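Trainee: Got a minute to go through this fold with me? I'd like to take it piece by piece.
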Amino acid sequence: MQTKHGSAETPFCFCPRCGRQALVPHEVKAYRCTECGFEFYLNVAAAVAGFILDAEGRLLVTVRGKDPGKGTLDLPGGFLDPHENAEQAIRREIKEELNLDVTETIYLFSSPNQYPYMNVTYHTMDLGYLCKVDHFGNLKTADEIADYRFLHPSDVKAELFGFPSIRQMLQLYISGPMAGLLKNH
Ligand SMILES: [Zn+2]
């Protein structure tokens, strides 16, 4: 639905400072109020995704229990909280989503993503981490996770994953320069 100034992708049109309907897109990631000059930035949001391998080298993946991407495969992860670093975030997300304790993290690669939620498309930068988990006995999924699977490397197909950035990360996982490290970890 088009509004006077906003659009379906970026529906902001009212200025949060003066309240007038005068907010218009300004450069690539900002809005500017034509009445009072207020500038509102929609900066890229940082997010994390975890690659967890079991003792047999199988990759732990989740099945999304809610939209966006409900029913597709995903990696554990999510958005960073304020004042949190990415290593803390991936440990927290894996604890929240799977009740697993990460003992070591190794940064792998990053991939840009778009996250549509409630008629707003957020631009994110997903950071991929190799996450060491020693014990899987406490594995228990949160409500937002429909199920989980351990995939043998030959069964990891990028097209089964819902998000473009995760698919791109899976391609790097399967064939990129980090594949040897992942398989030997
Ligand atoms: Zn204004």
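**Strands, helices and a core**

Mentor: Sure, let's begin at a turn: in the hairpin of β8 and β9, 2 residues lie between the strands, and methionine 118 takes a positive phi near 50°. Helices (H or I, at least four residues) and strands (E, at least two) are DSSP runs, numbered from the N terminus. This is a predicted model, where local features need pLDDT of at least 70, side-chain atom pairs count only at pLDDT 80 or more, and totals for chains, interfaces and linings use all residues. Residues are numbered from 1 along each chain as its sequence is written.

Trainee: What about asparagine 119, buried or exposed?

Mentor: Asparagine 119 is exposed, with 11 other C-beta atoms within 10 Å. Here a residue is buried if 20 or more other C-beta atoms lie within 10 Å of its own, exposed if 12 or fewer, and partly exposed in between, with C-beta atoms placed from the backbone. Asparagine 119 sits in the loop between β8 and β9, and has a positive phi of about 70° although it is not a glycine.

Trainee: How many bridges join β8 to β9?

Mentor: There are 14, and the two strands run antiparallel. One facing pair is glutamate 104 with lysine 132 in β9. Two strands count as paired if DSSP finds at least two bridges between them.

Trainee: And which order do the strands take in the sheet of 4?

Mentor: That open sheet runs β7-β4-β9-β8, with mixed pairing. β7 (77–79) and β8 (102–117) stand at the edges with a single partner strand each, so one side of each has no neighbour in the sheet. On average, neighbouring strands of this sheet are turned by 20° against each other, direction ignored.

Trainee: How do β4 and β9 run, parallel or antiparallel?

Mentor: Parallel: 8 bridges join β4 (residues 45–52) to β9 (residues 120–133). Phenylalanine 51 stands opposite leucine 130 in β9, and isoleucine 52 has cysteine 131 in β9 as its bridge partner.

Trainee: OK, helices now. Which strands does α1 lie across?

Mentor: Helix α1 (residues 86–98) lies across β4, β7, β8 and β9, at about 60° to β4. For these angles, axes are lines fitted to C-alpha atoms, for helices over the stretch in contact, and the angles run from 0 to 180 degrees between N-to-C directions. Contact means that the C-beta atoms of two residues, placed from the backbone, lie within 7 Å. Helix α2 (residues 164–175) lies across β4, β8 and β9, running at about 140° to β8.

Trainee: Which residues of α1 are buried?

Mentor: Ala89, Ile90, Arg91, Glu93, Ile94, Glu97 and Leu98. The buried residues of α1 pack against β4, β5, β7, β8, β9 and β10. Right after α1 comes asparagine 99, with a positive phi near 55°.

Trainee: Which residues touch the most other members of the largest nonpolar core?

Mentor: Val48, Phe51, Ile90, Ile94, Tyr129, Cys131 and Ile166, out of 28 residues in that core. β4, β5, α1, β8, β9 and α2 each supply at least two residues of this core, and β4 gives the most, with 5 residues. A nonpolar core is a set of buried Ala, Val, Leu, Ile, Met, Phe, Trp, Tyr and Cys residues joined through C-beta atoms within 7 Å.

Trainee: What's the pairing in the sheet of 3 strands?

Mentor: Antiparallel, in an open sheet with the order β6-β5-β10. β6 and β10 (145–151) are the edge strands, each with a single partner strand, so one side of each is left without a neighbour in the sheet. β5 and β6 pair over 2 bridges, and valine 63 stands opposite leucine 73 in β6.

Trainee: Where's the cis peptide bond?

Mentor: It joins aspartate 67 and proline 68, with omega about 0°. Proline 68 is in the loop between β5 (59–64) and β6 (73–74).

Trainee: Last topic, confidence. Which element has the lowest mean pLDDT?

Mentor: Helix α3 (residues 179–184), at 56, while α1 has the highest, at 98. pLDDT is the predictor's confidence in each residue, from 0 to 100. The mean for the chain is 88, and 89% of its residues reach 70 or more. Over residues 1–9, pLDDT stays under 50, and the model has 15 contacts beyond four places in sequence for them.
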